[in-house]
Amino acid sequence: MRTGKLSTHSILAFLLGANLGITVTVQLIALRIFDYYSAFLVVGLVCFLGFKREVFRGAGQAVLGLGFVFLAMEITTRAATDIIKNPDFITLLGVLVHYRIALVLFAAVLTFALQSSTAIIGLAFAFAATAHGHELILPVILGANFGIGLTSLFAGISSWEGRRLAAANLLFKGGTVVLILALFSPIAAWIAASPGTDVQQGANFHTAFNIFATLLGIAFAKPVGKLIERTVKPARSVEVATSPATHLDPSALPTPVFALANATRETLRLADAVKAMFEGAWRALATRDRALAAAVQKQDDRVDELNAGIKTYLSQIPAESLIPADQQLHFGLLNFSSQLESVADVVDKSLCGAVVEHANENVTLSPADQADLEELYRKVLHRFDTAISVLATRDRALAQQFLEDGEKLKEWAIEVQKRHYERLAANNSQGVVASTRFLDTFNILRRISGQLSTIGHTFTLP
């Protein structure tokens, strides 16, 4: 496993665990916590508007979001109560429960369309007063879980890593659905015999489904991860998002907190694009692939577009409406996006330029120099990931650690260069051209690391 990277099967297990965490919302709905939606809305609004500290405002946003979810469930439940009084609708439900697989597929499609398994399961709970409680609820839960797997696949289709994880996630969820359908009658009887109302039993079934899928994923994550890695392969050229879609919604500009959230997401997108350029340039350098280097260079224009869009968007946020924490984030986004563009320029002109210029030259680095370059590349790639995490979390302790790691990297780099000069002096047969090539590449990587440090400086400020 490379420094700063998780293996595919480890991330898959993490993703399946996250699916298990989502079941908490369904449990809250089964307990009718949504009856207190007004309390969530009031508390969330007070925290969001009444406090200046980021932690309280963030908590307020989360509680406010739950309040709106519960409000939607309250409205849905009231509407469902009126619908189930219609005898024709009861007849329709009676027909649907006799076509279990079709009901599962219908729920999956509806979940994919609404992008929410919780909403579909909540709707099924609202119809639980009918005579077809378990026969209706259980297939809908199966379909909703399969549908959210389809949603993950669609969301991750833009990158090959995303396709790998989403395909594996869908494989485990689909396998669990097929297994439960094959044993539906005894499982349904076991659920019916468990304590609680139909709704509570349905919520427990939903939780049990995801626990089983998670355990299945943990048990088979390694072989399935390797299978997915062999079947879903990256494209030869560097993958950078080229979709014209953007997170920079102009309608959010009057509300700084939402506008800054949009700009943060777009800056994270920019960081991913620049990181992909960096990885592609390194592959081109290692293989002396001029075509790949040229393909990476073409992505620099897209990076320039993203950076220009972020700057323009941030400049339109009313400065007088920014609280101190928002001002810090505003500055950090402007500064970091500019540095990311500079990193892309270094990758374009220096790394890729060297590949294009020297691809046909027969210059071989010593094994020690090559090992040091590869180690520095891994360290810089890890700093890319950490810089992205600092921006995403705005964690001051993480930002401080990021800067301290940068200082340690500087000290390590100085020692590496000293060892290089010692080897050069002791071995007169080593060419000056090879030494120059090593030092040029080494300093390019150090320069990129230094430019990334700006995000750490931003969020260590008081």
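**Exercise 1. Decide whether Val 55 is buried or exposed, and place this residue in its surroundings.**

Solution. Begin with the cover of the residue: in this predicted model, Val 55 has a relative accessible area of 53%, and since the limit for an exposed residue is over 50%, Val 55 counts as exposed. Next, look for the element that holds the residue, which is helix H3. Finally, look at the neighbours on the surface, where Val 55 belongs to a nonpolar patch together with Val 42, Val 46, Phe 51 and Phe 56, and the accessible area of these residues together is about 430 Å². The elements that contribute two or more residues to this patch are H2 and helix H3 (54–83).

**Exercise 2. Find how far Val 69 is from Phe 40, both in sequence and in space.**

Solution. Val 69, like the residue of the previous exercise, is found in helix H3, and with a relative accessibility of 33% Val 69 counts as partly exposed. Along the sequence, 29 residues separate Val 69 from Phe 40, while in space the C-alpha atoms of the two are 9.9 Å apart.

**Exercise 3. State how many aromatic pairs the model holds, and work out what the pair of Phe 48 and Phe 258 joins.**

Solution. The count comes to 7 aromatic pairs. One of them is made by Phe 48 and Phe 258, whose ring centres are 6.3 Å apart and whose planes differ by 25 degrees; with a limit of under 30 degrees for stacking, this pair is classed as stacked. The next step is to locate the partners: because Phe 48 lies in helix H2 (residues 37–50) and Phe 258 in helix H11 (residues 256–287), the pair ties together parts that are 210 residues apart in sequence. The last step is to check the cover, which gives a buried Phe 48 at 9% relative accessible area and a partly exposed Phe 258 at 43%.

A second pair can be treated in the same manner. Phe 278 and Tyr 377 are 5.2 Å apart from centre to centre, with 35 degrees between their planes, and form a tilted pair. Phe 278 is in helix H11 and Tyr 377 is in helix H15 (residues 367–393), so that this pair links parts of the chain that are 99 residues apart. Phe 278 is buried at 0% relative accessible area, and Tyr 377 is buried at 6%. Both residues also belong to one aromatic cluster, in which Trp 282 and Phe 384 take part as well.

**Exercise 4. Name the ring over which Arg 383 lies, and the ring over which the charged end of Lys 379 sits.**

Solution. Taking the arginine as the starting point, Arg 383 lies over the face of Phe 402, at 4.0 Å from the ring centre. For the lysine, the ring is that of Trp 412, and the charged end of Lys 379 sits over this ring at 5.1 Å from its centre.

**Exercise 5. Count the salt bridges, and describe where the partners of three of them are found.**

Solution. The count comes to 10 salt bridges. Among them is the contact between the side chains of Glu 266 and Arg 269, at 3.4 Å from N to O; because these two residues are 3 residues apart in helix H11, about one helical turn separates them. Glu 266 is buried at 2% relative accessible area, and Arg 269 is buried at 15%.

A further salt bridge joins Lys 275 to Asp 385, with the closest N and O atoms 2.5 Å apart. Since Lys 275 lies in helix H11 and Asp 385 in helix H15, this contact ties together parts that are 110 residues apart in sequence. Lys 275 and Asp 385 are both buried.

The third example is the salt bridge of Asp 372 and Arg 419, at 3.8 Å from N to O. Asp 372 is in helix H15 and Arg 419 is in helix H16 (residues 396–426), 47 residues apart. Asp 372 counts as buried at 10% relative accessibility, whereas Arg 419 is partly exposed at 34%. Both belong to a network of salt bridges that also links Asp 369 and Arg 423.

Definitions and conventions: Residues are numbered from 1 along each chain as its sequence is written. This is a predicted model: local features need pLDDT of at least 70, side-chain atom pairs count only at pLDDT 80 or more; totals for chains, interfaces and linings use all residues. Side-chain values use heavy atoms; hydrogens and water are left out. Rings of Phe, Tyr and Trp (its six-membered ring) pair if their centres lie within 6.5 Å; planes under 30 degrees apart count as stacked, over 60 as edge-to-face and the rest as tilted. Helices (H or I, at least four residues) and strands (E, at least two) are DSSP runs, numbered from the N terminus. Buried means under 20% relative accessible area, exposed over 50%, partly exposed in between (1.4 Å probe, protein chains only). A charge sits over a ring if NZ of Lys or CZ of Arg is within 6 Å of the ring centre and within 35 degrees of the ring normal. Patches are made of residues with over 30% relative accessible area and no salt bridge: like charges are joined within 9 Å, nonpolar side chains (Val, Leu, Ile, Met, Phe, Trp, Tyr) within 5 Å. Accessible areas come from the Shrake-Rupley method with a 1.4 Å probe; for residues, only the protein chains shown count as cover. A salt bridge is a side-chain nitrogen of Lys or Arg within 4 Å of a carboxyl oxygen of Asp or Glu.
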